[in-house]
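Work through the exercises below with the model open beside you. Each task is followed by a stepwise solution.

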Amino acid sequence: MRSQGRFRRTALAALSAGVLLAVAGCGEGGNRTAKGTTGTAEAKDVLLQPLASPGPGPFTASTARAAGSPSPTGTPEDEPGSGTRTVHPVSGAVPGLYGGTRSVAACDVEQQTTLLTDDEDKASAFAEAAGIEAVQIPGYLKSLTPVVLRADAQVTNHGYSAGSATAFQAVLQAGTAVMVDSRGMPRVRCACGNPLGPPVVADGKVAHRGERWPGYDPERIVAVEPGVKPATSLIIVNADDNTWIERTTGDSGGRDRVPDDPPPFEPDADLLFPSPGRPSEPPSPDPTPSDPAPSEPEAPTDPGPDESSDDFGDTPPEEPWEYEGEPEVVPEPTQVFPAEPEEPDGPDAPAEPDAPMEADLGDVFAR
């Protein structure tokens with residue numbers, strides 16, 4: 001089991017600073033099939049994919065369970081400035097990134113395997129996009145974990161066209177049933193049987209296609225990144241009662257259980273997009289001790305002018321004047337004291353102008 005410290009580090013690693021990326025998803029644009037070949041998806045041509053829609057070019061019929069049918073809220077072109085999105089990279093190992101129902105798989109893995117292997121052409125195209133051999137499809141699918149997304153996510157999807165897999169970018173709606181690997185990466189979309197891959201990054205404006213869904217926010221999109229190392233289980237959120245579930249990787253929910261060491265936050269915590277107050281709280285104590293810090297160097301600056309008083313005495317008015325005054329006062333009495341023996345020679349030493357001048361001035365001020 002993972003420790004609370006590890007969960008905390010994983011969650012913080014997932015908070016990372018926002019990056020401008022192109023949005024990616026599942027479903028293929030029919031008029032763009034000729035453009036996209038595997039691995040060369042047009043990053044600035046993005047399809048918004050509602051959770052229940054199979055999209056064009058599906059590999060199979062849907063094997064998702066209990067998928068809703070959201071109503072669109074308008075086309076992307078209806079809202080200005082929607083071409084640029086803020087996509088947040090997040091580790092697939094973050095607890096709460098995925099959800100599900102206890103002891104219930106989000107996808108029918110057996111049915112998905114049958115649908116793919118029954119069609120040799122589709123099986124070959126699927127295997128090529130997934131980076132495996134066609135004969136490995138059954139074992140590959142069984143190694144994945146069926147869950148649902150809890151945030152809108154970008155992916156690279158692969159539709160089926162003319163006997164091959166065609167890559168394109170889209171956004172999967174939160175609630176979409178997917179199958180993820182041991183590092184938390186979405187690999188199959190169950191509504192269409194399409195293989196998924198990491199998104200293609202693009203900056204600036206993108207051409208939005210498809211329909212928006214309620215709650216869609218272009219600033220709240222995630223790009224799932226693989227966890228540091230393969231995990232033996234995923235910590236997901238139970239959609240029925242908002243509690244934690246530990247689901248063994250490669251399992252369809254039959255071994256679901258309550259985590260022995262749950263994450264140190266609530267399942268409904270908005271870990272992916274925390275309020276600005278949270279990250280600013282730790283830095284706030286830092287500036288407070290930093291205030292005395294700059295004042296401390298001022299103390300060592302006092303001895304500094306001692307050495308550089310000759311060169312920089314004129315620039316800082318206070319310290320050089322104090323040090324210059326002392327050397328001037330000290331040499332004057334030292335010159336006067338040796339001159340005191342001149343008193344017996346006072347009348348006989350007119351040649352020394354210093355002594356008479358001091359005496360004359362004293363007489364003048366006395367008068």
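**Exercise 1. Find the residues with the most contacts inside the largest nonpolar core.**

Solution.
- The largest nonpolar core holds 21 residues. A nonpolar core is a set of buried Ala, Val, Leu, Ile, Met, Phe, Trp, Tyr and Cys residues joined through side-chain atoms within 4.5 Å. Buried means under 20% relative accessible area, exposed over 50%, partly exposed in between (1.4 Å probe, protein chains only).
- F59, F126, I137, L141 and M179 have the most contacts inside this core.
- At least two core residues come from each of α2 (109–117), α3, α4 and β8 (177–180). Helices (H or I, at least four residues) and strands (E, at least two) are DSSP runs, numbered from the N terminus.
- The most, five residues, come from α3.
- Another core lies apart from this one. That second core has 19 residues, including Y98, V155, L172 and V180.

The model is predicted: local features need pLDDT of at least 70, side-chain atom pairs count only at pLDDT 80 or more, and totals for chains, interfaces and linings use all residues. Residues are numbered from 1 along each chain as its sequence is written, and side-chain values use heavy atoms, with hydrogens and water left out.

**Exercise 2. List what I137 touches beyond four places away in sequence.**

Solution.
- Apply the contact cut-off: heavy atoms within 4.5 Å.
- Leave out residues up to four places away in sequence.
- The partners are L116, T117, A123, F126, A127 and I132.

**Exercise 3. Trace the aromatic pairs that involve F126 and F59 or Y140.**

Solution.
- The whole structure contains five aromatic pairs. Rings of Phe, Tyr and Trp (its six-membered ring) pair if their centres lie within 6.5 Å; planes under 30 degrees apart count as stacked, over 60 as edge-to-face and the rest as tilted.
- F59 and F126 pair edge-to-face, at 6.0 Å centre to centre and 75° between the planes.
- F59 sits in the loop between β2 (45–49) and β3 (85–91), and F126 in helix α3 (residues 120–130), 67 residues apart.
- Both F59 and F126 are buried.
- F126 also pairs edge-to-face with Y140, at 6.5 Å and 65°.
- This pair joins helix α3 to helix α4 (residues 137–142), across 14 residues.
- Y140 is buried, as is F126.
- Ring pairs join F59, F126, Y140 and Y160 into a cluster.

**Exercise 4. Is A170 buried or exposed?**

Solution.
- Locate A170 in strand β7 (residues 164–172).
- A170 counts as buried because its relative accessibility is 0%.
- A170 and L48 lie 5.4 Å apart, C-alpha to C-alpha, with their positions 122 residues apart in sequence.
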